Every structure is written in structure tokens, then in C-alpha cells.
Amino acid sequence: MSKSVAIIEDEPFIVEALTFLLERAGLTVRSFANGAGSIEFIQQVTPDLVILDIMLPNISGMEILENIRNNQGLKRLPVLMLTAKGQKRDRKAAIDAGVDLFMTKPFSNDELVASVLDLLDS
Amino acid sequence: MARTLLGTRIREARRAKRLTQKDLARIAGISASYLNLIEHNRRGIAGKTLLSLANALEIDQSLLSEGSDRALVDRVKKAALSASHLKPETERTEEFTARYPGFARLVARLQDQQEQQQENFAALADQMHNDPFFAESIHLMLSNITAIHSTADILASMPDIPRDQSQRFLQNLLSESARLSETASDVLDHFEPSSDAQVASPDNAPFDTLLEQHHFYLEPLEQGRESVAEMVEKLAVPAALQIQTKASLQSYVDMATTLPIQPFLETAQAHHFDALSIASDMGVALPLVMFRLAHMPQAPDMPRFGLLQCDGSGAVLYRKQLPVFALPRFGGACPLWPIYRSASQPTQPIAAFIDLPSGERLFTLSYSYPTEVAQIGMPAQSESIMLFTADYALIDGLKSLPQLSVGMQCAVCPRQKCSARRSAYLLDK
């Protein structure tokens with residue numbers, strides 16, 4: 001059975017490109033465009049990895065990350081943060097909050113797919 | 001000023017007059033050897049001798065006397081200290097200023113210009129860091145660029161993708177490029193608002209954008225067709241701005257509920273849009289009427305009002321511009337505007353015409369009001385608002401009002417002899 005990735009991102013064309021790339025790499029992809037309710041979504045689809053944006057409608061990606069890390073069942077879930085907020089303080093805040101990998105937009109497709117596969121293997 | 005400077009100055013002034021020590025000593029009635037000691041700063045002078053030398057040199061005694069150029073020396077010293085890594089001889093600043101007054105003025109002027117530019121940069125940087133619209137736009141542009149880059153990379157590097165999928169990606173590229181162009185144009189407009197732009201305070205971007213789109217009259221809220229929550233949801237307001245946006249929309253609803261538009265318009269027209277008469281007739285506070293007048297549907301027979309609201313420090317809380325009267329986003333407006341005068345006369349409405357350098361005349365009504373209950377020994381905090389319009393012909397009873405010549409901001413104001421000027425007119429040749 002293929003591994004699965006949940007994408008929490010509100011930009012539909014980025015989601016479409018990511019979905020295409022990850023499915024082509026043999027992964028199952030589910031996406032969610034709204035911050036609110038994302039924890040329930042993750043619990044429902046039980047992914048092997050989450051790709052998370054920071055600036056989302058209703059609730060920020062940082063709060064979602066904190067909720068993931070505070071949730072007993074999701075504590076060890078690998079999270080790749082993919083964001084346009086690439087300043088040092090954003091990166092530090094995300095790493096301090098327990099993100100596994102921090103990537104800034106725009107990203108390289110090859111690098112992103114390779115990073116996702118690496119995180120899933122580890 | 002140190003004694004060293006005085007002797008040096010006398011020497012420089014003598015050389016400028018092309019006099020020998022002997023000549024100057026003779027005219028001043030002192031010996032050449034004594035003058036030599038003075039010029040080499042080995043003798044201090046004052047009183048009669050100083051006056052004689054000043055007369056002989058045909059210059060004002062004050063120009064030779066101590067302290068006459070203290071401000072210039074200080075400015076030069078400041079310039080030297082700001083570049084201490086170049087190791088300027090700061091201990092010889094006074095001598096330098098006395099010996100080369102022209103160069104000293106040049107150094108001082110360059111220092112002043114540098115300080116002014118640093119202030120401008122700081123103000124601009126502050127605006128960019130604290131402007132949610134700008135931050136949001138840059139985020140949006142990066143998202144657009146990411147989608148375009150990723151999609152284009154797929155199309156370029158994977159020639160084997162199914163045709164319908166590649167067609168969709170091409171369509172996505174087209175849509176996303178158009179959005180990127182729109183966002184970039186919005187950012188440009190934000191920093192260079194056109195004369196028609198009506199941009200409100202940058203601290204509440206979603207609410208301001210909504211107002212601009214609806215020409216400052218939110219009909220869906222007025223008519224009860226949409227609730228505050230529905231409007232916030234429709235706007236997709238980022239989480240960080242939701243509380244402020246909801247509060248602003250709720251204030252709007254409160255205004256529309258207290259002063260429903262139809263009866264208000266009837267009363268306003270009956271009073272020829274005189275805010276004071278309307279407030280008195282309807283029994284409501286003047287600021288509420290002023291806000292209402294700035295938020296009405298537009299019609300040819302009704303004056304179009306702009307509004308500025310400031311706190312006690314003069315910081316802009318809310319603004320609605322008019323094409324003829326642009327309001328600075330970052331503060332630094334003309335201190336002669338009546339809104340700032342009203343702050344010193346709380347609860348007393350001030351009506352006045354203002355004449356702009358462009359030749360435009362506007363009617364203004366300013367009012368300052370406390371925002372908290374006063375405490376013993378403490379002045380109450382207050383806010384001020386100014387309602388203004390160029391359509392004053394539609395308002396009654398404005399014949400004998402004061403007329404104030406004001407500007408916009410010093411940098412773009414050609415009124416050179418203004419007592420309130422605090423910085424130079426940038427277009428001055």
C-alpha cells in the first residue's frame with residue numbers, strides 16, 4: 001500500500017501541482033484548503049506525512065503545528081512546512097515548534113519530492 | 001568657543017581681506033608683534049582690542065567673538081562622530097570650522113541631509129514592516145510565483161504527461177499569471193495611490209479594501225442582507241486580522257443601526273448636510289453624524305465627504321480620502337489642518353475653509369472628543385475627527401467662516417514662508 005501525504009494549503013494551483021508531483025512519485029495525496037478543522041482532517045485521513053502552509057484562512061499553520069505536536073496520536077507525524085514566510089525568525093519559530101523540515105516558496109519540484117520521500121523513509 | 005578659534009579666525013579674516021599683519025596692526029592700533037601672538041592663539045583678547053580688530057577687518061564683532069558659530073561646530077562634530085571609523089581629528093573641529101567655514105558648512109549640510117534620509121528610510125521601512133496590506137500582497141505574490149514556477153517546471157520537464165492534464169496546467173498558468181499581475185498592480189497602487197484612490201488606514205486592510213470596493217457604503221450590511229460573520233467569511237480574512245475586521249464591521253453596523261440611511265438622508269437633506277443641525281435634530285453625538293455623512297450612497301445632488309480620524313498623538317486611526325485631498329498614510333501631515341487645532345479645544349466644533357496650494361478649497365468640520373472618563377489630575381484621552389468636502393456649495397450657512405491656507409506635507413508644499421514648516425520643500429529649485 002502506498003504511503004499517504006496530507007497537504008494543508010489554501011492556494012489551489014500549488015495544491016494541484018504538488019498533488020501531481022507526489023502522486024507521480026507513487027504517493028497517495030489528500031488536501032485541505034482551510035486551517036480550521038485541519039486536525040480533524042488529519043485524524044480522519046491518517047497520513048504518513050503532512051505538508052503545511054503557515055498563512056492559512058482562519059488559523060495559522062503554526063497553531064496547527066502546535067496542535068499536532070500536542071496531540072498524542074499525531075505527535076510523531078512528520079511535518080514539512082512549506083511557506084512564503086522565509087525569514088530567519090519564521091524558520092526558527094517553526095523548528096522550535098517541532099517541524100521536521102522547513103522549505104520556502106517558491107520551491108524546486110525535484111527537491112520537494114526528494115525531501116518528502118526522505119522524510120517518509122526516515 | 002575656545003581661545004584657539006578666536007586667533008585663528010582673526011588670521012583667516014585678515015587673509016581674506018589681503019592684509020598683512022603689519023597693516024592690520026596699524027589700522028587696529030596695536031603692535032604687529034602683539035597681533036602675531038593673538039593670531040597664534042597665545043594671547044586672549046576681548047573688549048576694546050577685539051572691537052578694534054573687528055572694525056579694522058570690517059566685520060561684525062560677534063562673528064569673531066566666542067560662541068558665534070557654536071551650532072556649526074556642533075554639527076561638524078556630529079558628522080565627525082558619525083564616521084569615527086575614518087578617524088577624523090575631532091579635537092580640532094573648532095579650528096577646522098574657523099579655518100574653513102565654507103567646508104564646515106558643507107560637511108554640516110551633508111550631515112543634515114544624511115540624517116534626513118535616514119529618517120525617511122526608517123519611516124519607509126516602518127511602513128513596509130507594519131503594513132498588513134503589503135505583507136499580505138507579498139505573500140500572495142510569492143504564492144502566485146510558486147504555483148507558476150512549479151507548474152511550468154512540470155510542463156517543461158515531464159513531456160509525457162496526459163494531454164488533458166497538460167491543458168489544465170496551461171490554464172492554471174494563465175489564471176495564476178493574471179492574478180500575479182493584478183496583485184503587482186495593487187501593490188504599485190498602494191504605494192502610489194492614484195488621485196481617485198480612497199485608501200484608508202493600513203492597519204485594517206480587509207475592512208479598508210471592502211469599503212473602497214463599495215465606495216464607503218456597505219449596502220449588504222445596511223440592508224441586512226449579510227451579517228458581519230458572513231461578510232468576514234466571504235472576505236477570507238487572515239486569522240490575525242479577524243478580530244479587528246469584525247470590530248470595524250460591527251462599528252459600521254452600529255452606526256447604520258443608530259442612523260438608518262433613509263431617515264438620515266431625509267434629515268440631512270432637510271438641513272442641507274449641516275452636521276451640527278443634523279446631530280441636534282436627531283439627538284445623536286456629532287462624531288456619529290460626521291461618520292455617517294462620510295458613509296452614504298453617492299448621488300450628484302449630495303456632497304461627497306472625506307474623513308480623517310486621529311488619536312491624541314496625531315496618528316491616523318481612520319481615513320477616507322477624496323480625489324482632491326489625499327491624506328498621508330504615514331502621518332506627517334500639515335499641522336495647520338483644523339483637526340489638529342481642534343485637539344486643543346475639545347468638544348468645540350471648528351468649521352473652516354481650507355485652501356490648498358493646488359487652488360482647491362474645501363469645507364472642513366473638526367471635532368475633538370474624550371474617549372474615556374476623565375480621572376482626577378489626569379487629562380482624558382481624546383480623539384479628533386475632521387469631515388471635509390469640496391462640494392460646499394451644497395451645504396448651508398458657510399458664508400462667514402475662517403479661511404486657512406494649508407498644505408499637505410512640507411516636502412510637497414510650496415508655501416515657503418510658512419511658520420509651521422518643519423522640513424524643506426523638495427521641489428524647490
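# Chatting through a two-chain model

Me: What is the mean pLDDT of chain A, and where in chain A is confidence highest?
Reply: In chain A, 100% of the residues reach 70 or more, and the mean pLDDT is 91. Keep in mind that this is a predicted model. Helix α4 (residues 88-96) of chain A sits at the low end, with a mean of 87. Confidence in chain A is highest, at 96, in strand β3 (residues 49-52) of chain A.

Me: And chain B: which element has the lowest mean pLDDT?
Reply: Chain B has a mean pLDDT of 83, with 90% of its residues at 70 or more. Among its elements, helix α17 (residues 286-293) of chain B is the highest, at 96. The lowest mean, 72, belongs to helix α5 (residues 61-64) of chain B.

Me: Over which residues of chain B does pLDDT stay under 50?
Reply: The model does have 31 contacts beyond four places in sequence for this stretch. Still, pLDDT stays under 50 there, and the stretch is residues 193-203 of chain B.

Me: How is chain B split up, and how many Å separate the centres of domain 1 and domain 2 of chain B?
Reply: The domain assignment gives domain 1 (3-99), domain 2 (132-192) and domain 3 (285-429) of chain B. Taking C-alpha atoms, the centres of domain 1 and domain 2 of chain B are separated by 69 Å.

Me: On to the interface. What area do chain B and chain A bury between them?
Reply: In residues, 26 from chain B are in contact with 19 from chain A. Of the area buried between the two chains, 61% is on carbon and sulfur atoms. The total comes to about 2,000 Å².

Me: Which element gives the most to the side of chain B that touches chain A?
Reply: Across the interface, 7 residue pairs are in polar contact, both residues at pLDDT 80 or more. On the chain B side, the elements giving two or more residues are α9 (132-157), α10 (163-191) and α14 (239-258) of chain B. With 13 residues, the one that gives the most is α9(B).

Me: By class, how many nonpolar, polar and charged residues does that side of chain B have?
Reply: We're still on the side of chain B that touches chain A. The split there is 9 nonpolar, 11 polar and 6 charged residues.

Me: How many salt bridges cross the interface, and which residue does Arg179(B) meet in a salt bridge?
Reply: Over all chains, the search finds 15 salt bridges, and 3 are found across the interface of chain B and chain A. In one salt bridge, Arg24(A) meets Asp160(B) at 2.8 Å, N to O. Arg179(B) has a salt bridge too, at 3.3 Å, N to O, with Glu11(A). That pair runs from helix α10 of chain B to the loop between β1 (4-8) and α1 (12-24) of chain A, where you'll find Glu11(A).

Me: Any backbone oddities to look at? Which peptide bond is cis, and which residue has phi near 60°?
Reply: Omega is near -5° from Lys105(A) to Pro106(A), so to speak of that bond is to speak of a cis one. Pro106(A) lies in the loop between β5 (101-104) and α5 (109-121) of chain A. In chain B, look in the loop between α11 (205-213) and α12 (219-222). There, the residue other than glycine with a positive phi, near 60°, is Phe216(B).

Methods
Residues are numbered from 1 along each chain as its sequence is written. Chains are lettered from A and ligands numbered from 1 in the order in which they are written. This is a predicted model: local features need pLDDT of at least 70, side-chain atom pairs count only at pLDDT 80 or more; totals for chains, interfaces and linings use all residues. Side-chain values use heavy atoms; hydrogens and water are left out. pLDDT is the predictor's confidence in each residue, from 0 to 100. Helices (H or I, at least four residues) and strands (E, at least two) are DSSP runs, numbered from the N terminus. Contact means heavy atoms within 4.5 Å. Buried area is the accessible area (1.4 Å probe) that two parts lose on being put together, summed over both. A salt bridge is a side-chain nitrogen of Lys or Arg within 4 Å of a carboxyl oxygen of Asp or Glu. A polar contact is a pair of N or O atoms within 3.5 Å; within protein, one must be able to donate a hydrogen and the other to accept it, and residues adjacent in sequence count only if both atoms are side-chain atoms. Ala, Val, Leu, Ile, Met, Phe, Trp, Tyr, Cys and Pro count as nonpolar, Asp, Glu, Lys and Arg as charged, and the others, Gly among them, as polar. Domain bounds come from an automatic or database domain assignment.
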